[in-house]
Amino acid sequence: MEQQVKNKQIVLKNYVNGFPKESDLILNASATISLKLPEGSKAVLVKNLYLSCDPYMRGRMSESKGSYVDSFTPGSPIAGFGVAKVLDSGHSNFKKGDLVWGLTGWEEYSIINSLETLFKIQDTDVPLSYYTGILGMPGMTAYAGFYEICAPKKGEYVFVSAASGAVGQLVGQFAKLSGCYVVGSAGTKEKVDLLKNKFGFDEAFNYKEEQDLEAALKRYFPNGIDIYFENVGGKMLEAVLSNMRFNGRISACGMISQYNLEQGEGVRNLVNIVTKSVRMQGFIVSNYFHMYPKFMEMVMPLIKEGKICYIEDVAEGLESGPAALVGLFSGRNVGKQVVVVARE
């Protein structure tokens, strides 16, 4: 019998309806695991270092209704993107000591069987936690959604909702690097100041202070919007559609305003898509993971030359995970929400 070690886990108690609460996720401190894989295993055993809190995880907390990603199993650890160190490997692509990022469990140690979403970390000149954000899934999301779907041109007008989040902060900076005029919306004065003073947005506004979102967008975009990077949905999308320019593009990344509603809101002015020849396309980032080397080639020099910056909101310890994840849905985080499980 291999020696077993403690393996703390964050477990989903039951399927969630409406807004998730911290109590929907519980810490299981009694689980154990062997730090040696069974003979003949093709899996990888990792020690988790950093875990990523992402809005799409809300959908996995409810019973699946035809989603692109499976629901979590009540009574079992939840899963998400993270950074980890390989302790044992039955696969030739990974060896003991390798640092990796990809889908892993919300626990101290995980056995990963699906290795197609596991990437080896080659460059350690940047903080390892960046591989939960700018150099991981959110970075790829910003890259694919902005460059591949929106195909920006210099001088275009770009609007980003939820602009201070893990993806939005990057889209705004990519837009500026492309020579665009960019405005972002966020939910606090602190976040609005960050967008303008740290991330270089031309303008930003607090959507919670606006009585009329359509009028607010008209104020910031008197000539209309060419590109909208959609993270919010609902009333924000409705307001944007009224302000789109002819041949505008909308990259639909997420709709966080809808995730906790029992009944999703309708959008009443979709006719604008027809009358303004607007192209709106949704996307799932995993369909673009084959472009990861191309993305790294572009973004790594920008980070090292200080041409792009990234802000993280760091929660210490696996036990802080439930509060960090649930906090996403009330906008409690400032920047990319990361949970530190272990630093080495």
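This briefing describes how the domains, the sheet and several helices of the structure are arranged. The model is a predicted one. Its chain is divided into domain 1, which covers 4-132 + 311-340, and domain 2, which covers 137-286. An open sheet of 6 strands and two helix pairs, α2 with α3 and α5 with α6, are the main topics below.

**The two domains**

- The C-alpha centres of domain 1 and domain 2 are 29 Å apart.
- Where the domains meet, 20 residues of domain 1 are in contact with 15 residues of domain 2.

**The sheet**

- The 6 strands of the open sheet follow the order β12-β11-β10-β13-β14-β15, and their pairing is parallel.
- At the edges stand β12 (203-206) and β15 (279-282), each of which pairs on one side only.
- From one strand to the next, the twist averages 15 degrees.
- Strand β11 (residues 181-186) runs parallel to β12 and is joined to β12 by 4 bridges, and within this part of the sheet Val183 stands opposite Glu203 in β12.

**Helices on the sheet**

- Helix α2 lies across four strands, namely β10 (157-160), β13 (225-230), β14 (244-252) and β15, and runs at about 150 degrees to β13.
- Helix α4 (residues 189-197) also packs on the sheet, where α4 touches β11 and β12, and the direction of α4 makes about 175 degrees with that of β12.

**Helix α2 against helix α3**

- Helix α2 (residues 137-150) and helix α3 (residues 168-177) have axes 9 Å apart and pack at an angle of about 45 degrees, and the two helices are therefore oblique to each other.
- The crossing in which α2 passes α3 is right-handed.
- From α2, the residues Pro138, Gly139, Ala142, Tyr143, Phe146 and Tyr147 meet Leu170, Val171, Phe174 and Ala175 of α3.
- Sorted by class, the residues of this contact between α2 and α3 comprise 9 nonpolar and 1 polar, with no charged residue.

**Helix α5 against helix α6**

- Helix α5 (residues 213-220) packs with helix α6 (residues 234-243) at an angle of about 45 degrees, and their axes are 8 Å apart, which makes α5 oblique to α6.
- Here, too, there is a right-handed crossing, in which α5 passes α6.
- On the α5 side, Leu213, Glu214, Leu217 and Lys218 meet Lys235, Met236, Ala239, Val240, Ser242 and Asn243 in α6.
- The contact of α5 with α6 has 5 nonpolar, 2 polar and 3 charged residues.

Key
Residues numbered from 1 in each chain as written. Predicted model: local features only at pLDDT ≥ 70, side-chain atom pairs only at ≥ 80, totals over all residues. Heavy atoms only, no water. Axes fitted to C-alpha atoms, helices over the stretch in contact; angles between N-to-C directions. Parallel < 35°, antiparallel > 145°, perpendicular 65-115°, else oblique. Left-handed = near helix turned anticlockwise from the far one by under 90°. Contact = heavy atoms within 4.5 Å. Nonpolar A, V, L, I, M, F, W, Y, C, P; charged D, E, K, R; others polar. Pairing = 2+ DSSP bridges. Domains from an automatic or database assignment.
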